Amino acid sequence: MKQSAEPNEPHEDERSPHAPDPVPLAGRAAEPTTEVEPLPEPVAEPVAEPVAQVEPVAEPVTEVVPAAQPVTEPVAQVEPVAEPEPVARTAPLPEVEPLVDDEAGVILEDGWDGANLVESTYGALTEGFEERDARLRASSSEAVGWAPYIAAVRAFREGRVAGDWESLARLLVAPASLTSGDDVQIVETRDEDAAVRAAVRAAVRAAVQESLDADQRALLLAPDQERAEELLRSMRDDVFALLIETRPAAPPAEPDGPTPRGEFGSNGTVEFRPLNLDGEGALDMTLPDLPNPAEPAQPAEPPREPEEWVRDAVVRPVGEAWRQSWETEARLLKRGLMWLEQWPRDAAALHAVQDENARRRAELEAELAALTKEIEDAGAAEAAAQQGAVDAEAAAERLITVQDEAEAELAGPKAEAERRQAVADAAAADASDHTRDADAAQARCAELHARDTTAQAELQAARDLEASLTDELERAKEALPGVAAEAERLTAADADASGEGHAAYYRLVSAESALSAMKRKMTLGQRMHVASPPSGLSGMRAEVKARAREADEAARRAQEAKDAAEKAGRRHQELAAFVSDGGTRLAHAREAQERLGTELIWLASERESAAAAYQEQARLAAESVDRATQMSMEARVAQQAARAIEERVEAARVAREEALATAGRAKAAAEAAATHAIETRSALERRTAEAEGELASRERDLRTAVEAEARSRENVREICGADPVGDPELISTHQTRAMARIERLTAYLDGGAAADGAAEGLLRTADLVVGTPLGAGLTAAEEEFDTLIVADAGRLTDAELLVGAVRARRWILVGGAGPEEEDGPFARARAASITWG
C-alpha cells in the first residue's frame, strides 16, 4: 500500500463519481503494515480538587427557535405566541456532596453516587430533546430530528454502554475523579491557533494508528461533515475506512425575492430571545423588551441545526484498500470456481481410467491365458500324433505281405474286372459332366430370376420417386415466389432497423459528449462534491441513460431483423436449389425406368434360354447315368468269380493304405502341432511384453489421474470446507454463492450501485468509521467499536459525545485550547486539569 510522503498533508479523495455508495465486504482484510508514529503514552496529571468540590459548569447553552410566521402589524395587534422552550446542548452538573455514614460519621469513598448523579443530570436533557423532537414531528418535517441523541442519552442512563459505564460516567459528570488507569484518554494540543487544526489532525492520526496496530476498530467523530472529510483525507490509503455522509449536505437556502417588512425589532423580525433558567432551575418567564415596530418584518429563518434539515445518512468506502480487497476476493473466488469445475472432470477422468485399465487388464489376462492353453494343447496333440504315426507304420509293414499274396492270386480275375470297371467309369464320368452342366444351367436360371425380382423392385422405386419428385416440385414452385417476397421484405426491415440503431448510437454519443463537456467545466469543489453540482448535470445524466437504453433497444431490434432476414434468405436459397435440382433428379428417375424396362425384357429372354439348356443337360445326364449303371452291372457280374480273392486283396490294400495314410496324417499333425506350439509360444512372449508395456503405461496414466483428482479434490475441500465426495450438492451450492458474490464484487469494481443492506456489511468490516455524531447515530446504531476518537472534542456537546461513547469500549478526546470551544465534556475535563496525552 502506498503511503503519502508527508503525513500532515491530506490525501485527495479519488472516489469515482460512479463508485457505489455503501457496499458490503465479505470479511476483514489484512491490517496495514505501514508504520505511523504511535500515540504518546498517557501521563497522569494531578487532580486539582477532590470530586466533592467540583464546581458546577456554566449555564447551559440554549437554542433560539425562530417564529413560525413573520409579523407585520403593530405591537398592539400582535397575538401572543407560545414561548419556545430551551433545549440544553450541554447538561449542567449539580455540585457533588460527599456521602457520610450517619452512625459512624465516616465519609464513604469520594462522594461518588454515579447512577443517581447521571440520572439527575441527563434526565432533563432527555426530556428537552424529546419535546423538541416532538415539535419537529408535529411540523411534518422529514428531518431525522434528535432521535439519535435521545437513544444515546437513554442508553447511557440505563447503563447500556459497550465499555465501562463508570469510567464514562466519571468523564461526563465527575471528570476530576478520573485517573490514568481508566479507559479515557484526553489529548490537548497546545500549539498556536494557526496550527491547532494540523496538531489535532496529527493527534487523531496517531490515535487511529494506535487502534489499528492493536487490531481494533475505531469510530472517529468530528463536529461537522467538512472536518470529518478533512480528517479522513489525512489517513493512509491502506486503511479500510468508511465516511458517513449526511444528506442533504447543506441546509435549505433562504427564499428568493423581497418579503413584507414590519416595524419590529432591530432586524425586521419578532425576536424570541433564549429562555434561561433561574437559580432554582425554573424557567425565567420575564418577557424581553418589545422591538420598535418601525421597521418591516423579514421571513422566518431556515433551519439552522443539522437535526432540522438532515434527512438520512449513508456510508461510503474511501481509500484504495477496499478496491484491492474486492479485486483480491474476486480473483480468489474465480480461481476457486476453476477448481470446482476441474474436480468433477478429474474425478470422471479417474473413474474412466480405472474402468478402462480394469477392462483392458482382464482382456490381456484372458488373451495370455488362451495362448498358454493353446501351447499346452499343441504339445499334447504333437505327442499323440507321433505315437499314432509309429503304430500306423508298424501295421502297414505287416499288411504288405498279406497284400502281395492276395495280388498274386488275383491277377487274372482282376484284369477282367478292371476292364469292365473302366468302361463303367467312363460312362459315370460322362454322367458327371452332364450333371455339372445341368447344375450350372439351373444356377443361371436362379440368378436370372433373382435379378428379375430386383429389377422389378428398382422399377417400382423409380416410379415412386418420380411421383414424389413431381408433387414436391409442384409445391416448391408454388411457394418460391412467396418466400422470395418475404426475404426481400425482411432484408428491407433489416436495413431500416440498422439505420435506426446507428441513429440511436449517434444520439447517445452526442449526449455523452455534452455530459463530458459539462464535467470538464465543473470546478474542483463540484468534482469533490463540496460545492453543488451544475443545475443541468442530473438532467444530462438522465438523458445519457435514456439514450443508452434507446441505443440498446435499437441494437436488439436490428439484430432480430438481421436474424429474420438471414433465415428467410436461407429458406429462399433452399427452395430455389430444390427447384433447380428437382428436374435433374426427375429425369434420372425416368431414365432409370426405361433402363430397367429394357433389362426386364432381356432377362425374360435369357431365362427361357437357360431353362432350355438346363433341360437338355438334364436329359444327357440321365442317359449317361443309365449307361454307367448298365456297365457297372456288367462289371459286377465279371467280378463275381474273383470276388473272394479280390476282397482279400482289397482288404489288405485298404488296410495298408489306411495305415500309411494314418501314419502320414499323424506325422503331419505332429509337425503342425510342433510348429503351432512354437508360433504360439513366440506370440505369447510377444504379447506378454506388449501387455506389460501397455499396463505400465496405463499405470502411469492412472497415477497421473489419481494425483490430479487428489489435488483438485483437496483444493475443493479447502474451498468448500468439506469433502465433495460425501455431499453431491456441495459444489453446485458453493458455485452459486461464489458466482453471486463475483457478480456483486464486479458491480462494485465497475462502479455500480450498492445493494440494499450493504451499509451493515461495511460497518461490520471497516477498521475506521468517520463521521459526525448525527451521522453515526443514524447509520451505526447497532455497531460497537473498540475505540472512540473525538476530534475537536471541545466543539461537541454531551449528547453528541454520547452518540459514539455508548458504542465504544475506550474513549480518546482530542482538542485544543481555542475560542471556538463551548462548555462541553472536553472543557469540563480540561477545567478539572485532566489532560493525558
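Is Arg197 buried, partly exposed or exposed? In this predicted model, Arg197 has a relative accessible area of 39%. That value lies between the 20% limit for buried and the 50% limit for exposed, so Arg197 counts as partly exposed. The residue belongs to helix H4, which spans residues 196-213. Beyond its neighbours within four places in sequence, Arg197 is in contact with Arg227 and Glu230. Gly816 is 619 residues away from Arg197 in sequence. In space, the C-alpha atoms of Arg197 and Gly816 are 8.4 Å apart.

The sheet was examined next. It is open and contains 7 strands, with mixed pairing. The strand order is E3-E9-E8-E4-E7-E5-E6. Strand E3 (184-189) and strand E6 (312-318) form the edges, each pairing on one side only. Neighbouring strands are turned against each other by 20° on average, direction ignored.

At the E3 edge, E3 and E9 run parallel and are joined by 6 bridges. Val184 has Trp811 of E9 as its bridge partner. Strand E9 covers residues 808-816. Of its 9 residues, 7 are buried, so E9 is largely enclosed by the rest of the structure. E9 also pairs with strand E8 (residues 785-790), again in the parallel sense, over 5 bridges. Here Ile789 stands opposite Ile812 of E9.

Towards the other edge, strand E5 (residues 241-247) runs parallel to strand E7 (residues 768-771). The two are joined by 3 bridges. Leu243 stands opposite Val770 of E7. E5 pairs with E6 in the antiparallel sense, over 7 bridges. In this pairing, Asp312 of E6 is the bridge partner of Arg247. Although E6 is an edge strand, 6 of its 7 residues are buried, so E6 is largely enclosed by the rest of the structure.

The helical packing around H2 was then considered. Helix H2 (residues 147-157) and helix H14 (residues 798-805) have axes that come within 8 Å. These axes cross at roughly 70°. H2 is therefore roughly perpendicular to H14. From H2, the contact draws on Pro148, Tyr149, Ala152, Val153 and Phe156. H14 contributes Ala799, Glu800, Leu802 and Val803. By class, the contact residues comprise 8 nonpolar, no polar and 1 charged.

The buried residues of H2 are Pro148, Tyr149, Ile150, Ala152, Val153, Ala155 and Phe156. They pack against H14 and also against helix H1 (114-138), helix H3 (165-173), helix H6 (306-309) and helix H13 (773-779). Gly159 follows H2 and has a positive phi, near 80°.

Two nonpolar cores complete the picture. The largest has 73 residues. Tyr122, Phe156, Leu168, Leu788, Leu802, Trp811 and Leu813 touch the most other members. Among these, Phe156 and Leu802 also take part in the contact between H2 and H14, and Trp811 is the bridge partner of Val184. Helix H7 (residues 320-521) supplies the largest share of this core, 9 residues. A second, separate core holds 24 residues, including Val187, Val208, Val318 and Ile812. Of these, Ile812 is the residue opposite Ile789 in the pairing of E8 with E9.

Note on methods:
Residues numbered from 1 in each chain as written. Predicted model: local features only at pLDDT ≥ 70, side-chain atom pairs only at ≥ 80, totals over all residues. Heavy atoms only, no water. Core = buried A, V, L, I, M, F, W, Y, C linked by side-chain atoms within 4.5 Å. Buried < 20%, exposed > 50% of the residue type's maximum accessible area, 1.4 Å probe, protein only. Helix = DSSP H or I, 4+ residues; strand = E, 2+ residues; numbered from the N terminus. Pairing = 2+ DSSP bridges. Axes fitted to C-alpha atoms, helices over the stretch in contact; angles between N-to-C directions. Parallel < 35°, antiparallel > 145°, perpendicular 65-115°, else oblique. Contact = heavy atoms within 4.5 Å. Nonpolar A, V, L, I, M, F, W, Y, C, P; charged D, E, K, R; others polar.
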